[in-house]
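Good morning, colleagues. I would ask you to look at the structure on the screen while I take you through its packing.

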Amino acid sequence: MKFYSTNNTLSRVSFKDAVFNSMPQDKGLYMPVTIPRLDDKFINNLDGYTLPEIAFHVAQNLLGDDIPADELKAIIDDAINFYAPIVKLEEDVFVLELFHGPSLAFKDFGARFMSRVMSYFLEEGEKQLDVLVATSGDTGGAVALGFLGVPNTRVTILYPKGKVSDIQELQLTTNGQNIRALEIDGTFDDCQALVKQAFTDAELNARYRLTSANSINIARLIPQTFYYFNAYAQALKQGKSKIVFSVPSGNFGNIGAGLLAWKMGLPVERFIAATNANDTVPQFLKNGIYQPKPSVATLSNAMDVGNPSNWVRIADMFKDDMSGLNKLVTGYSFTDDETTAAIKAVYDHYKYVVCPHTAIAWQALKDYQQDVHADGTAGIFLSTAHPCKFPGVFPQEIAAQIDTPAQVKELQTKSKQSVALGKDFEGFKDYLLKNN
Ligand SMILES: *Cc1c(COP(=O)(O)O)cnc(C)c1O
């Protein structure tokens, strides 16, 4: 498969170049030149396949022979080595649990697949790959654990001091090996600015082979399509075939992958874009005006994005077909008070605890089901992270019900190792040059 830039649909690069460049020079995003439909036989028999089998079939459909079948299979078996179950909460309401990977967030799908694809493409004798990543919380953990021990790679994570949860910080700072963590005395935006500047610094680029692992990398998007197919397969087993997905959205990579799955032939009735107060996309779906705004801080902070970076991919998939987009995607947005109320309602109804991002997706699904009445669909809302990653947002009685996964208990026995730096570029650059 060849890829083009959304800013120049005549351009062509290989999958390898798209993965290592992350973003085209012209600042568009990479998209496959064609989105091949999966064969009907596969789609109609999805419930006969396991998650790794589905993942292999879908990836091969899109990538063709960019990675030989046996190698692709090995990458997938190694990367997607955890479950993504749907759990029935009530009639026609299911939750898709995407938090059973090592960092307890759905970003494990993207980060684990991308790291192994990068490692596969690094040829014998090639220079070590230096991954720089700025994180406000979940991305760093997924990337750190995704690259941990992957040969010929090194990851440097920048995170804002005092602004990530304790568990997130432990996930970033207790790895050792090829992972190092920098605690920046600043905000997430400062971290991101440092990384961006490093990519344009001639001296650093001469010394190191720098790459970014952010959410716009096409190798993070592709594996996120797998769990939509797999969720649909599980719904089929429960006798449901008309499905609505409700997706908690920030940078719109997750829902973008769902739409890519739909383009490949997954027969989804509708997608719900569920956001917090950062409602650029729900507003656009309502009034047709795309007006990016500065982000505002909310309880669901992994979705505090005012100008979603993956939106151009969705726009590219629908070109000018606004009515097609409107038929398929509906937007809902919620305040922090509504988020807190939703966390409580989910607990009261089902004795089930959801993280604040997931709570927003549940509320959006409930509102949608109320708005359209019985349209014969079953709803699946995506749970993007385990609630234990956001302990600060729960009232005492709900917090007490969260069971701590084994990997977190183990983390809590480890001690943090990070290097404290200011937010000035010179200090960061100096660190990189002195720590070869
Ligand atoms: C990253 C993240 C999101 C937002 O996903 P996008 O792909 O950026 O829309 C939602 N919830 C959690 C927990 C996240 O970590």
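I shall call a residue buried when its relative accessible area is under 20%, exposed when it is over 50%, and partly exposed in between, with a 1.4 Å probe and protein chains only. This is a predicted model, in which local features need pLDDT of at least 70 and side-chain atom pairs count only at pLDDT 80 or more, while totals for chains, interfaces and linings use all residues. Residues are numbered from 1 along each chain as its sequence is written, and side-chain values use heavy atoms, with hydrogens and water left out.

Let me begin with the aromatic residues. F425 and F428 are both buried. Rings of Phe, Tyr and Trp (its six-membered ring) count as a pair if their centres lie within 6.5 Å; planes under 30 degrees apart are stacked, over 60 edge-to-face, and the rest tilted. This rule gives 18 aromatic pairs. For F425 and F428, the ring centres are 6.2 Å apart and the planes stand at 70°, so this pair is edge-to-face. About one helical turn separates F425 from F428, because they are three residues apart in helix α19, residues 425–434. Helices here are DSSP runs of H or I with at least four residues, strands are runs of E with at least two, and both are numbered from the N terminus. Ring pairs also join F82, F109, Y227, Y228, F245 and F271 into a cluster.

Two lysines come next. A charge sits over a ring if NZ of Lys or CZ of Arg is within 6 Å of the ring centre and within 35 degrees of the ring normal. The charged end of K263 is placed in this way over F318, 5.8 Å from the ring centre, and that of K351 over Y347, 4.9 Å from the ring centre.

Now, the interior. A nonpolar core is a set of buried Ala, Val, Leu, Ile, Met, Phe, Trp, Tyr and Cys residues joined through side-chain atoms within 4.5 Å. Which members of the largest core touch the most other members? They are F15, F226, Y228, F229 and F245, out of 96 residues. Helix α10, residues 218–237, supplies the largest share of this core, twelve residues. Apart from it lies another core, of 41 residues, including V95, L104, L170 and A342. Contact means heavy atoms within 4.5 Å. Leaving out residues up to four places away in sequence, Y228 touches ten residues' worth of neighbours that I list in full: F245, V247, N254, I255, A257, G258, A261, L266, F271 and L382.Helix α6, residues 138–147, is largely enclosed by the rest of the structure, because ten of its ten residues are buried. Those residues pack against α5 (107–121), β6 (129–134), β7 (153–160), α7, β8 (179–184) and α10. Just after α6, G149 takes a positive phi of about 75°.

In helix α12, residues 280–287, the buried residues are T280, V281, P282, F284 and L285. They pack against β11 (268–275), α13 (311–318), α14 (322–328) and β12 (329–333). G288, just after α12, takes a positive phi of about 80°.

I close with A406, which lies in helix α18. Is A406 buried or exposed? A406 is exposed, with a relative accessible area of 58%.
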